[in-house]
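Visitor: I should be grateful for a close look at a single part of this model, followed by whatever may usefully be set beside it.

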Amino acid sequence: MSDLLIFDDGRGEFGPLTEMRPASALRTGGVTSLERIERTLGRFASGFIVPPSLAGPLHARVSVPVNAPSPHDALCVNARWWGIGDLPNLAVGQAAMIGDEVLAVMLQASDVPGFASSGELPASIDQAEVSGTLYRRPWDILNHLSEALADDLGSTSLPTEFAKSTDVVGEHSVHMAESAVVFPCVVFDATAGDIVVESDATLRPGAVLCGPCWIGRGSTVAEGAVIRANTVIGPGCKVGGEIGASILQGWSNKAHDGYLGDSILGEWVNLGAGTTTSNLLNTYGETSVRLHPDRSRERTGRSFCGAFIGDHVKTAIGTLLMTGSSIGTGSMIACSSYSPTTVGPLRWVTDAGEKPYRIERFLDMTSAMMARRDRELDPADAARLRELAASSS
């Protein structure tokens, strides 16, 4: 049987969201793109091809080779595929294309190393145009969030019987793990879609969950929180206030009042009390985003667009994030007025301006913060954070 290799072709640009992980590891619905691809194909990935800068962090999280293809024929699938729909049944020497981008290609063993190093298809490959979705920018994830989340909700194996004693409104289903803790006066509004509550999640009194939405394992929804439709709370998060049409990758805190809308957060983010995102311009016009300080602004095609926030970002109380903000990995935002719309990685931003975050101080703080959740900062992640700090100094 052939290998299944997930390759990152470098043709997508996801700003701070992929500074610590490859595109396949992004949570693009209730699950990551990788998990959805594996579910659709009915098999697990046997290897990954990623940019060298991300090989260490990924290798620390998977048990299969990274950037070391095995000597077998391989079905290579683009990491930016959303994982919904059928791939064509490819024979060796055939590729499925979306425009000029490779969706999937079946390679004989001798062609795999060359493709892995260059990303170029051998001249002999028979290319066929197919339909499908490849994410190219972070706002593409928001554009397709409702469809991806619906697919994930429809594929859950969680039962519905443990939600029968709760306050459920609507005809859709509430899928809940037996170990989930639901306090009195929690409301499930399943009028517009299903709701998933994974294992060991806690829903505090007065929380309101509006489907379709997904609450990840071990996450806590605070008292009086409002989780609006098309929201995904990844594992290990603590959330409060109002959240709508947003994705939290995991292990992040937005535990207090404040609004988060049409946004994507990385892991280990902490939004201080009262932090609020603007997700709509006063002109009601199209939002544009500059993903990195040295890049041009790009039109998103969206009126509603909040913030794209990298791993380990911290905001002070009362922080105001403007429409279409992009905040780089590890940056600290502590402004009394509106924060800059684009911030690079490992920056310390205050009313006095911005300066590099001292990396050793940052790593000490990060280790202490993760220890509160009984987690440790992996050496590969620490090395990657040092690389980002050096690039931003």
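Guide: The account below takes helix H7 as its main subject and then turns to strand S5.

The model is predicted: local features need pLDDT of at least 70 and side-chain atom pairs count only at pLDDT 80 or more, whereas totals for chains, interfaces and linings use all residues. Residues are numbered from 1 along each chain as its sequence is written, and side-chain values use heavy atoms, with hydrogens and water left out.

Helix H7 covers residues 379–392, 14 in number; helices (H or I, at least four residues) and strands (E, at least two) are DSSP runs numbered from the N terminus. From first C-alpha to last, H7 reaches 20 Å, close to the 20 Å expected at 1.5 Å a residue, the expected span being 1.5 Å times one less than the number of residues. The N-terminal end of H7 is capped by Asp 378, which places a side-chain oxygen 2.8 Å from the backbone nitrogen of Ala 380. Such a polar contact is a pair of N or O atoms within 3.5 Å; within protein, one must be able to donate a hydrogen and the other to accept it, and residues adjacent in sequence count only if both atoms are side-chain atoms.

The buried residues of H7 are Asp 381, Ala 382, Arg 384, Leu 385, Leu 388, Ala 389 and Ser 392. Seen down the helix axis, they fall within an arc of 160° and therefore line one face; the arc is that of the directions from the axis to the C-beta atoms. An α-helix has 3.6 residues a turn, so residues three or four places apart point the same way. Pro 379, Ala 390 and Ser 391, on the other side of H7, are exposed. Buried means under 20% relative accessible area, exposed over 50% and partly exposed in between (1.4 Å probe, protein chains only). The cover over the buried residues of H7 includes helix H2 (52–59), strand S34 (347–350) and helix H6 (359–371), where contact means heavy atoms within 4.5 Å.

Strand S5 (residues 101–107) may be set beside this helix. Seven of its seven residues are buried, so S5 is largely enclosed by the rest of the structure. Strand S3 (residues 74–78) pairs with S5 in the antiparallel sense over four bridges, with Leu 75 partnered by Met 106; two strands pair if DSSP finds at least two bridges between them. Strand S4 (residues 94–98) is likewise antiparallel to S5, over four bridges, and Ile 98 stands opposite Glu 101. The hairpin of S4 and S5 has two residues between the strands, and Gly 99 takes a positive phi near 65° there.
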